[in-house]
Amino acid sequence: MLRAVLRIADRVDAAWEDWAGAEERPGVPARPGVMARLGQHDERLADHEVRIAHVEGQLPDGGRS
């Protein structure tokens, strides 16, 4: 029974580390958490939207075909 509790605790700890991120430690790079990664995706999406709008503006029909 103790093994089962320890396995569950390990899984909960891993899930929390994925959510919150992990700081750098010797030999292991830092990993950003979920919210930091979502922020990065939002920035990339905004950049793609700007690029798409630029390309659409260069099309003869404004990209509406």
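Guide: Before we start: helices here are DSSP runs of type H or I with at least four residues, strands are E runs of at least two, and both are numbered from the N terminus. And keep in mind that this is a predicted model.

Visitor: Good. So how far apart along helix α2 are R51 and D47, counted in helical turns?
Guide: The two side chains form a salt bridge, with the closest N and O atoms 3.2 Å apart. Both residues sit in helix α2, four residues apart, so their separation is about one helical turn.

Visitor: Is R51 exposed or buried?
Guide: The cut-off for exposed is over 50% relative accessible area. D47, at 36%, falls into the partly exposed class. R51 has 53% relative accessibility, so R51 is exposed.

Visitor: Which residues do salt bridges with shared partners join into one network?
Guide: Start with R51, which is exposed at 53%. Its bridge is to D47. The network is made by salt bridges that share partners, and those join E17, D18 and R31.

Visitor: How many salt bridges does the structure hold?
Guide: Let's run through them. R51 pairs with D47, R31 meets D18, and R31 also meets E17. That fits the total for the structure, which is three.

Visitor: How many residues apart are R31 and E17?
Guide: Their side chains meet in a salt bridge, at 2.4 Å from N to O. This pair links distant parts of the chain, with R31 in the loop between α1 and α2 (34-58) and E17 in helix α1; the separation is 14 residues.

Visitor: And how many residues separate R31 from D18?
Guide: Here the side chains meet at 3.5 Å, N to O, again as a salt bridge. R31 is in the loop between α1 and α2 while D18 is in helix α1, so to speak two distant parts of the chain, and the gap is 13 residues.

Visitor: What class of exposure does R31 get?
Guide: Partly exposed is the range between buried, under 20% relative accessible area, and exposed, over 50%. E17, at 30%, is partly exposed, and D18, at 40%, is as well. R31 has 39%, so R31 is partly exposed.

Visitor: Which residues does A30 contact, leaving aside neighbours within four places in sequence?
Guide: A30 is placed in the loop between α1 and α2. Its relative accessibility is 47%, so A30 counts as partly exposed. With those sequence neighbours set aside, the contacts of A30 are A22, E23 and E24.

Visitor: About how much accessible area does the nonpolar surface patch have?
Guide: One of its members, L6, sits in helix α1, residues 2-20. L6 has a relative accessible area of 47%, so L6 is partly exposed. The patch is formed by M1, L2, V5 and L6, and together their accessible area is about 490 Å².

Visitor: What is the radius of gyration of the protein?
Guide: The protein has two helices and zero strands. It is more spread out than a compact globule, because the globule rule gives 11 Å for 65 residues and the radius of gyration is well over that, at 21 Å.

Visitor: What percentage of the residues is buried?
Guide: The C-alpha trace spans about 70 × 30 × 15 Å along its principal axes. The protein exposes about 6100 Å², with 59% of that supplied by carbon and sulfur atoms. Of the 65 residues, the buried share is 6%.

Key. Residues numbered from 1 in each chain as written. Predicted model: local features only at pLDDT ≥ 70, side-chain atom pairs only at ≥ 80, totals over all residues. Heavy atoms only, no water. Patch = residues over 30% accessible without salt bridge, like charges linked within 9 Å, V, L, I, M, F, W, Y side chains within 5 Å. Areas by Shrake-Rupley, 256 points an atom, 1.4 Å probe, with all protein chains shown as cover. Salt bridge = Lys/Arg side-chain N within 4 Å of Asp/Glu carboxyl O. Buried < 20%, exposed > 50% of the residue type's maximum accessible area, 1.4 Å probe, protein only. Contact = heavy atoms within 4.5 Å. Rg over C-alpha atoms; globule rule 2.2 N^0.38 Å.
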